[in-house]
Amino acid sequence: MATPVPVLRLPKGPDPNSRGFDPNSPRFIALCRTSIPTSAAAESDPQQLQEEQHARSVLRERFLRCLLAMSNKKVRFHMHEKVNVEATFGASDIDVLNFQVSDLHTPIGVQKEALIRSQDVISFTFDV
Amino acid sequence: MFTTSKIFSLNINFPFKGNQTSLFLFPACRGQQRLFVEDKAELLCLPCFLRTPAERGRCSEEGRPTTDQRTVMQSGWLHSGPQLWLRCVHRQVRVTAGKQREEHRGWLLTVDPVSHSVALVSFGEDGASVRVVLGHAVEHVEVLQEPDPDTEERLRSLFPPPEPGGPDPDERHRRRSGVRRWLQQNRVPVEEDGNELRVAHVLTIRAPYRPDDCSSANQIILDRVQRLLRVQPDQVTDGPVPPGTSDGL
């Protein structure tokens, strides 16, 4: 299954200004929170806040290095309904909401470039 | 089990996961949240519950010895802060993910504070493989054991942080002059500023002066200088810097 297929034009999503995709709508804020806020305990105590911020930055840096090591490597995405696809990892966006991949092997062919939503993915693996 | 007359049970819908979680509130503990430890069915206060078995001692909250069984962190994992996650890094964990409750076991590399994604490493015969479980799919996380020194070393060397300044001063000076000459030969205004090179006052190149060490707010200049550095020959000839006359470059 290595024949490249042309880009599929899927139907347009909902209008970005209406409910659902509006970044200020309660549904969006509930489902796609960009980041966890500081905990209530840390907000009152500046020392603890500093420690928490340090922990957050260390963890985030390790995660970003992990993503960097993954670029241009073959990764396998495990999605819902036991769907497993393989692709070459390109990049992720800042909130880890979308992944840009190349050469996505799908049952209907190989997509040259694709954008995968993180809500569709359960986990992904790669070899170091 | 417990006398139910003393237990209030709340079912709370967390909007961002759509799951139901039960929290048991015990009035006797002055409103502190408690979570079950399933193995011994013993009650723990939240700080003790979040510690791994090796770290627990006497609970200071009420003077009872805490259990030494493994813990099951339910949705408490997501709500505990980055400090707990940092303490669990490099330990072996078991993550249950997805609706099918698949289990993945591995050494915890990191937890992304933005997306709650959990990165696990497992070592095989031919190298290591990393699995990242997205935050929205994480159901349970269970800490299993501490790493032995060999594994700890392997984990540390997996994604090493970049070397800070690197080479000794002479080497650094040599590289810096080489890069400066190359840029000047290509008609790029550059000046030395201590250990860094400053290009046109908007771009800075730190040691060791590779394309990835450039930083600037101006995207176009950054791109041009990085391209130049990538094609820099290994031996930059000491030829004359073109003064102002064009020479076809």
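These notes cover a sheet of chain B with the helices on it, and one glutamine of the same chain.

1. The model is predicted: local features need pLDDT of at least 70 and side-chain atom pairs pLDDT 80 or more, while totals for chains, interfaces and linings use all residues. Residues are numbered from 1 along each chain as its sequence is written, chains are lettered from A and ligands numbered from 1 in the order written, and side-chain values use heavy atoms, without hydrogens and water.

2. In chain B, 4 strands form an open sheet in the order 10-11-12-13, with antiparallel pairing. Strands (E, at least two residues) and helices (H or I, at least four) are DSSP runs numbered from the N terminus; pairing requires at least two DSSP bridges between two strands. Strand 10 (190-193) and strand 13 (214-216) of chain B are the edges, each pairing on one side only. Neighbouring strands are turned by 25° against each other on average, direction ignored.

3. Strand 12 (residues 203-205) of chain B pairs with strand 13 of chain B over 3 bridges, in the antiparallel sense. Here B:Ile205 stands opposite B:Cys214.

4. Helix 5 (residues 169-185) of chain B packs on the sheet and touches strand 10, strand 11 (196-199) and strand 12 of chain B. Its direction makes about 160° with that of strand 10 of chain B. Contact means heavy atoms within 4.5 Å; axes are lines fitted to C-alpha atoms, for helices over the stretch in contact, and angles run from 0 to 180 degrees between N-to-C directions.

5. B:Gln92, in strand 5 (residues 92-97) of chain B, is buried (under 20% relative accessible area, 1.4 Å probe, protein chains only), at 13%. Leaving aside neighbours within four places in sequence, its contacts include B:Arg105, B:Trp107 and B:Glu142.

Key: Buried means under 20% relative accessible area, exposed over 50%, partly exposed in between (1.4 Å probe, protein chains only).
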